[in-house]
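I opened a fresh page for this one and kept my notes short. Come along and look things up with me.

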Protein chains: 2
Amino acid sequence: MHLPPLAQQFVLHFGEMGSRWGINRTVGQIYALLYIAPRPLCADDIVESLGLSRSNVSMGLRELQGWNLVVPRHIADDRRDHFTTPGDVWQILRTLAEERKKREVDPTLSVLRELLMQTPSTEDDRYAQARMAEMHGLIEQLTTWYDDIRKLDSERLVSLLALGAKVTKLLDIKDKVVTLGRGRSDRKA
Amino acid sequence: MHLPPLAQQFVLHFGEMGSRWGINRTVGQIYALLYIAPRPLCADDIVESLGLSRSNVSMGLRELQGWNLVVPRHIADDRRDHFTTPGDVWQILRTLAEERKKREVDPTLSVLRELLMQTPSTEDDRYAQARMAEMHGLIEQLTTWYDDIRKLDSERLVSLLALGAKVTKLLDIKDKVVTLGRGRSDRKA
DNA sequence: TTCTAATTTCAGAAAAGACTGAAATTACCG
DNA sequence: CGGTAATTTCAGTCTTTTCTGAAATTAGAA
């Protein structure tokens, strides 16, 4: 691997973290490399920079495209495919959230729905089903919230984040405004 | 594995999902079993229910305790250790968020900080560092938000989720209120 | 203390996953 | 159409992770 020092450290870190993030070392490195590359790279650039086999790079790029984290970009007068990561980090965050939800949450949600349709056959199954219902409820609330949030443009998303827990204060303000508008006495209904 | 039907399906699903969630099959199954168990289980109960080796169960329990997802619970007149999952699903969510952040986010944040301290030695490294700064900024904003949110009790967290993107509307309301209070003309300062 | 039950450790076996190079396929050019 | 460059596929190899059983350790009861 011959890369400038900063790039190298960044790439190595992403490789190490790969397994924790549910991707493998090579895929992590390829992503990192493309993320900091000042221009789209072709597969051979990656082979050279990271010292991987050509076929491994091909598979890694495929996986990253499957995550929508890497996109092909055509370069004039070059037959080879080139690849980049979309530049806007907020967009990257959205993509990551979307894909992780699809892989890590949706299958469970759908299994839970199935299991909640069934009739428990033992006392323990009855209890188990109640616990599953709790989990299902939680996930539903989270995904409903997420479906709502994901539609925000980046600017609004940022201000929402900046607001943080202060939102609850706003909630109180809203309460007051509504109450004042109506006259009185129906708060916390 | 001999478990009532619903329990069995639930446990098998968690086993399959394990690898996507960064734990292994057995650990996923053990967690699932404890989650739906109507009372604390000892290691041998788990061995019997899931058909794993005693030592594997021991290691799985250790890992789950490391995640704070499973806690030991002493049972009167029984020398064996028993284990449960904390009951409140919102608390489970907090724990999960906390632990995943610790494992998946914090190390990267700290590496990024280090790399941003260094002086780039090539033109490409300069660009790379700028990209790292973008990533760092994003993660900082997210973790700041998270640090704020995590302090909320479950009730407030739920209402915040229920609010979803409507928060931005509230922001507008706040703007108006503030503006009215002040007189006029200094919105979006 | 001694005895026994419960648990953990750990070296090696088994399984899963990642990686490679050679061969096959695809895509483009003349 | 060839011919060639680029890419993908895949069977086999290598690496890593998971799992096991036997041995060691720990903790409680007598």
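**Confidence first.** I began with how far to trust the picture, since this is a predicted model. Among the elements of chain A, I found the highest mean pLDDT, 97, in helix 2 of chain A, and the lowest, 70, in helix 8 of chain A. Chain A as a whole averages 91, and 92% of its residues score at least 70. I marked residues 185-189 of chain A with a pencil, as pLDDT stays under 50 there. For that stretch the model has two contacts beyond four places in sequence.

**Where the chains meet.** Next I looked up the contact between the two protein chains. Chain A puts in 57 residues, and chain B puts in 57 residues. On the side of chain A that touches chain B, I listed the elements giving two or more residues: helices 1, 2, 5, 6, 7 and 8 of chain A. Which helix gives the most to this side of chain A? I found that helix 6 of chain A does, with 15 residues. I also sorted this side of chain A by class and got 34 nonpolar, 12 polar and 11 charged residues.

**A closer look at helix 6 of chain A.** I followed this helix from end to end. Helix 6 of chain A has 27 residues and spans 40 Å from first C-alpha to last, close to the expected 39 Å. I noted A:Asp125, A:Ala128, A:Gln129 and A:Met132 as buried in it. What covers the buried residues of this helix? The cover includes helix 5 of chain A, and also helix 1 and helix 2 of chain B.

**One residue in helix 2 of chain A.** I picked A:Gln29, which lies in helix 2 of chain A. Is A:Gln29 buried or exposed? I call A:Gln29 buried because 27 other C-beta atoms lie within 10 Å, and 20 or more is the cut-off. Leaving out residues up to four places away in sequence, I found A:Gln29 touching A:Val11, A:Phe14, A:Gly15 and A:Leu50. A:Glu16 is 13 residues from A:Gln29 in sequence, and their C-alpha atoms are 8.6 Å apart.

**DNA strand C.** I counted 18 residues around this strand, and A:Asn24, A:Ser53, A:Ser55, B:Ser55 and B:Asp81 come nearest. Helix 2 and helix 4 of chain A and helix 4 of chain B each supply at least two residues of the surface near it. The largest share, four residues, comes from helix 4 of chain B. By class I wrote down four nonpolar, eight polar and six charged residues.

**DNA strand D.** Here I counted 19 residues around the strand, with A:Ser55, A:Asp81, B:Ser53, B:Ser55 and B:Asn56 nearest. The elements giving two or more residues are helix 4 of chain A and helices 2 and 4 of chain B. Helix 4 of chain A gives the most, four residues. The classes come to five nonpolar, eight polar and six charged.

**A sheet in chain B.** I finished with the strands. Three of them form an open antiparallel sheet in chain B, in the order 1-3-2. Strand 1 (41-42) and strand 2 (71-72) of chain B are at the edges, each pairing on one side only. I traced two bridges between strand 1 and strand 3 of chain B, which pair in the antiparallel sense. B:Leu41 stands opposite B:Phe83, a residue of strand 3 of chain B.

Conventions: Residues are numbered from 1 along each chain as its sequence is written. Chains are lettered from A and ligands numbered from 1 in the order in which they are written. This is a predicted model: local features need pLDDT of at least 70, side-chain atom pairs count only at pLDDT 80 or more; totals for chains, interfaces and linings use all residues. A residue is near a molecule or strand if its C-beta atom, placed from the backbone, lies within 6 Å of it. Ala, Val, Leu, Ile, Met, Phe, Trp, Tyr, Cys and Pro count as nonpolar, Asp, Glu, Lys and Arg as charged, and the others, Gly among them, as polar. A residue is buried if 20 or more other C-beta atoms lie within 10 Å of its own, exposed if 12 or fewer, and partly exposed in between; C-beta atoms are placed from the backbone. Two residues are in contact if their C-beta atoms, placed from the backbone, lie within 7 Å. Two strands pair if DSSP finds at least two bridges between them. The expected span of a helix is 1.5 Å times one less than its number of residues. pLDDT is the predictor's confidence in each residue, from 0 to 100.
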